[in-house]
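Please look over the fold below with its interior in mind. The report that follows deals with enclosed space and with nonpolar packing.

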Amino acid sequence: MYIADTGERGLHQLVREIVDNSVDEAMAGYATRVEVTLLADGGVEVSDDGRGIPVEMHAQGIPTVEVVMTRLHAGGKFDSETYAVSGGLHGVGLSVVNALSIRIELAIDRDGYHWTQNYQHAKPEELVRGAPTKRTGNTTRFWPDPEIFETTTFNFETVARRMQEMAFLNQGLTIVLTDERASAADEVDSEIAEAPKGAEEAPAEQLKTRTYHYPGGLADFVRHLNRTKQPIHNSVVGFLGKGSGHELEVAMQWNAGYSESVHSFANAINTHEGGTHEEGFRAALTTVVDKYARDKRLLKEKDGNLTGDDIREGLAAIVSLKVAEPQFEGQTKTKLGNTEVKTF
């Protein structure tokens, strides 16, 4: 199954798929803000200021948005001219969310007009052109099908962790998460590295809201990992490298602890099982540090080489790869298999 299962993991995958589409717009340079709302009636709303889903007539004789919503592999991720890199489920995300929801409501600002279209049990209603508008963007509301999922109750903290992760990985992007199910007594959370102007102002109703915005990107991510530990050097070491069809960014900092905390991502997807990009990082780090120790005569000729475990003791690191044609092991993308990035 495309979303792994019909339990909590699969349910939350629906949110990630819609958000990934918005983040793709940010990665392509067309969006700066994503807002996610857990609605009081159990639905989810995701909006962005990107270009909006195309609404022009498709070669199949129906609006392009309808093709995207009802056909597998019809998303822009299968068109290299639309996105150089992207996350999500290989361009099937919107259609899968549609198939697993009892209702979806789309509001699209594109081509100078406000467009709306609803879907009931995956069946499209009429695409309606509304009033003229100068803004662009997309708002998607969906309600998961309770006959498919074991539960349709979203966990705020589960969604929040992913939203924070996406903000770290996309430097400068603002993601706002609001829970309308929360009581008025809940406080507004402020878990941001640097609040956008006006972000500290509480709304009229005290909804549970978190705003994530990290100008430092991966460096802020590493500082977050080390927030309860004692770094042994103040600055975060970071570098960026670009090659043909891929781009790699790494940030790392050692702390006084004994365990390592290395997290890898491919096109903003958490590859928690690792893969070739993480293997390449570990091997390169071991080689470079060992060579440095030899060159600076910190190790004597008779001494053995430093091991990877020695070098990574107390290391907090983020490895973020952007690759044009990712090869994942499994549809849910938990392990990267691109061999060419291992030696990059």
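Which element gives the largest share of the lining of the second largest cavity? That share, 4 residues, comes from H4. This is a predicted model, in which local features need pLDDT of at least 70 and side-chain atom pairs count only at pLDDT 80 or more, while totals for chains, interfaces and linings use all residues. Residues are numbered from 1 along each chain as its sequence is written, and side-chain values use heavy atoms, with hydrogens and water left out.

A cavity is a set of points on a 1 Å grid over the protein atoms alone where a 1.4 Å probe fits but cannot get out, and its lining residues have an atom within 4 Å of a point. The search of the whole structure gives 2 cavities of 30 Å³ or more.

| Cavity | Volume | Lining by class |
|---|---|---|
| Largest | about 50 Å³ | 4 nonpolar, 1 polar and 3 charged residues |
| Second largest | about 30 Å³ | 3 nonpolar, 2 polar and 2 charged residues |

Around the largest cavity the lining includes Leu169, Glu247 and Lys322, and strands S11 (246-254) and S14 (315-323) each supply at least two of its residues. The second largest cavity has His12, Arg16 and Met163 among its lining residues.

The largest nonpolar core (buried Ala, Val, Leu, Ile, Met, Phe, Trp, Tyr and Cys residues joined through side-chain atoms within 4.5 Å, buried being under 20% relative accessible area with a 1.4 Å probe, protein chains only) holds 56 residues, of which Val15, Val36, Val44, Phe142 and Ile318 touch the most other members. Apart from this core lies another, of 18 residues, including Ala266 and Val341.

Technical notes: Buried < 20%, exposed > 50% of the residue type's maximum accessible area, 1.4 Å probe, protein only. 1 Å grid on protein atoms, 1.4 Å probe; cavity = no way out; pocket = protein on both sides within 12 Å on 5 of 7 lines; lining within 4 Å. Points joined across faces, edges and corners; volume = space filled by probe spheres on them. Nonpolar A, V, L, I, M, F, W, Y, C, P; charged D, E, K, R; others polar.
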